[in-house]
Amino acid sequence: MMQKKKFLISPKIFEMKKVSEIVGCITEMAPLEWQESWDNAGLQLGDAGMSVDKALVTVDVTEAVIDEAIDKGFHLVISHHPLIFKPLKHLLPENTIERVVIKAIKNDIAIACMHTNLDNSGLGVSFRLAKQLGMNDLHILKPADGFDGEVGGGMVGTLENEMDERDFLALVKRNLNAKALRHSDFLGRKIKKVAVCGGSGFFMLDVAKRCKADAYVTADVKYHDFFEADGQLLLVDAGHFETEQFTKELIADVISKKITNFAVSISEVKTNSINYFV
């Protein structure tokens with residue numbers, strides 16, 4: 001199991017870097033051309049030529065994250081989920097997105113996101129999720145044409161030891177620090193080969209079936225979708241945030257390895273929009 005890190009990666013002396021250089025560290029491994037046609041990844045707000053000495057990394061950009069950036073002197077926030085998906089018709093403090101944009105502009109904070117380009121990277125979101133679950137022999141679940149298995153959706157691999165279904169669910173819950181899991185009917189089979197997709201991955205269920213996975217771990221599965229497991233595998237909804245939370249460490253690792261004298265900090269703000277009453 002990967003160790004969960006909460007860190008500031010940097011030496012004692014920080015070096016100023018352009019926003020474009022920091023964003024470029026990630027787009028080298030996950031080019032923006034890999035994002036889905038409906039997505040809006042990349043630099044969303046701010047000056048690409050602005051110099052910064054540190055970056056704050058988060059899954060979602062919320063007002064609390066911008067407040068944290070202001071308090072700690074960050075002028076670059078990098079998220080997984082885009083702040084701006086739809087065109088803004090005006091900038092008024094009437095909803096959370098517009099308030100975040102206004103506050104970021106007032107405080108000279110650039111905002112970039114690495115979304116489906118990072119989802120589609122063979123070393124991206126689902127790769128980190130698979131490693132967190134202790135999976136080995138990893139390869140992309142649904143490879144994109146023409147990329148020799150380096151680009152595509154999801155990940156598939158094997159557990160070190162096969163286990164029964166309840167023990168597997170306990171492992172998923174524990175390793176993802178999930179409050180609860182939703183899953184299809186137990187099949188009374190051992191779990192060894194596992195497919196995963198961070199975030200909303202139900203659309204690849206048939207691919208997981210075809211590759212003979214014993215279980216498929218993803219998120220945002222609807223009520224009727226669980227029937228589609230159809231006795232062929234164990235379908236597990238572990239939560240959107242829970243399956244993508246390790247993207248923060250992924251982004252921080254990529255930047256810190258490419259630019260060793262630049263500070264990268266993981267946000268301490270809880271951005272999971274879903275709460276559980278247990």
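Which strand does T58 lie in? In this predicted model, T58 belongs to strand 5, residues 54-58. T58 is buried, because its relative accessible area is 2%, under the 20% limit. Its side chain still makes a polar contact: the partner is the backbone oxygen of D60, at 2.8 Å.

S256 offers a second contact between a side chain and a backbone oxygen. S256 sits in helix 9, residues 247-258. Its relative accessible area is 10%, so S256 is buried. The side chain of S256 reaches the backbone oxygen of D253 at 3.1 Å.

**The six-stranded sheet**

Six strands make up an open sheet with mixed pairing. Their order is 8-9-11-12-13-10. Strands of a sheet pair through backbone hydrogen bonds, in a parallel or an antiparallel sense.

Which strands stand at the edges? They are strand 8 (135-143) and strand 10 (182-183). Each has a single partner strand, so one side of each is left without a neighbour in the sheet.

At one edge, strand 8 pairs with strand 9, residues 152-163. The sense is antiparallel, and six bridges join the two. H139 has V156 of strand 9 as its bridge partner.

At the other edge, strand 10 pairs with strand 13. This pairing is also antiparallel, over two bridges. H183 is matched there with V236 of strand 13.

Strand 13 has a further partner in strand 12, residues 215-219. Those two strands run parallel, joined by four bridges. V217 has V236 as its bridge partner in strand 13. V236 is thus a bridge partner of H183 and of V217.

How do the side chains of strand 13 point? Strand 13 covers residues 234-237. L234 and V236 point one way, while L235 and D237 point the other way. All four are buried.

**Salt bridges**

How many salt bridges does a search of the whole structure find? The count is ten. Side chains of opposite charge can pair when their charged atoms come close. Three of the pairs are set out below.

| Pair | Closest N to O distance |
|---|---|
| D237 and R182 | 2.7 Å |
| E15 and K17 | 3.1 Å |
| D206 and K209 | 3.9 Å |

The side chains of D237 and R182 meet at 2.7 Å, N to O. The pair links distant parts of the chain, with D237 in strand 13 and R182 in strand 10, 55 residues apart. Strands 10 and 13 are also paired in the sheet. D237 is buried, at 6% relative accessibility. R182 is partly exposed, with a relative accessible area of 40%.

E15 and K17 meet in a salt bridge at 3.1 Å. E15 has a relative accessible area of 31%, so E15 is partly exposed. K17 counts as buried, at 15%.

D206 and K209 form a salt bridge within helix 7, residues 205-210. The closest N and O atoms are 3.9 Å apart, and the cut-off is 4 Å, so the pair counts. Because D206 and K209 are three residues apart in the helix, about one helical turn separates them. D206 is partly exposed, at 48% relative accessibility. K209 counts as buried, at 13%. Elsewhere, salt bridges that share partners join E68, K72 and E268 into one network.

**Cysteines**

How many disulfides does the structure hold? It holds zero. C197 is in no disulfide, and the nearest cysteine sulfur, that of C211, is 13 Å away. Why is there no bond from C211? Its closest cysteine sulfur, in C197, lies 13 Å off, which is too far for a bond. A disulfide needs the sulfur atoms within 2.5 Å. C197 is buried, at 7% relative accessibility. C211 also counts as buried, at 18%.

**A nonpolar surface patch**

Which residues make the nonpolar surface patch? They are L88, L91, I97 and I105, and the patch has an area of about 310 Å². L91 is placed in the loop between strand 6 (76-79) and helix 3 (96-106). Is L91 buried or partly exposed? L91 counts as partly exposed, because its relative accessibility is 42%. Patch residues must have over 30% relative accessible area, so L91 clears that cut-off.

Technical notes
Residues are numbered from 1 along each chain as its sequence is written. This is a predicted model: local features need pLDDT of at least 70, side-chain atom pairs count only at pLDDT 80 or more; totals for chains, interfaces and linings use all residues. Side-chain values use heavy atoms; hydrogens and water are left out. Patches are made of residues with over 30% relative accessible area and no salt bridge: like charges are joined within 9 Å, nonpolar side chains (Val, Leu, Ile, Met, Phe, Trp, Tyr) within 5 Å. Accessible areas come from the Shrake-Rupley method with a 1.4 Å probe; for residues, only the protein chains shown count as cover. Buried means under 20% relative accessible area, exposed over 50%, partly exposed in between (1.4 Å probe, protein chains only). A polar contact is a pair of N or O atoms within 3.5 Å; within protein, one must be able to donate a hydrogen and the other to accept it, and residues adjacent in sequence count only if both atoms are side-chain atoms. Two strands pair if DSSP finds at least two bridges between them.
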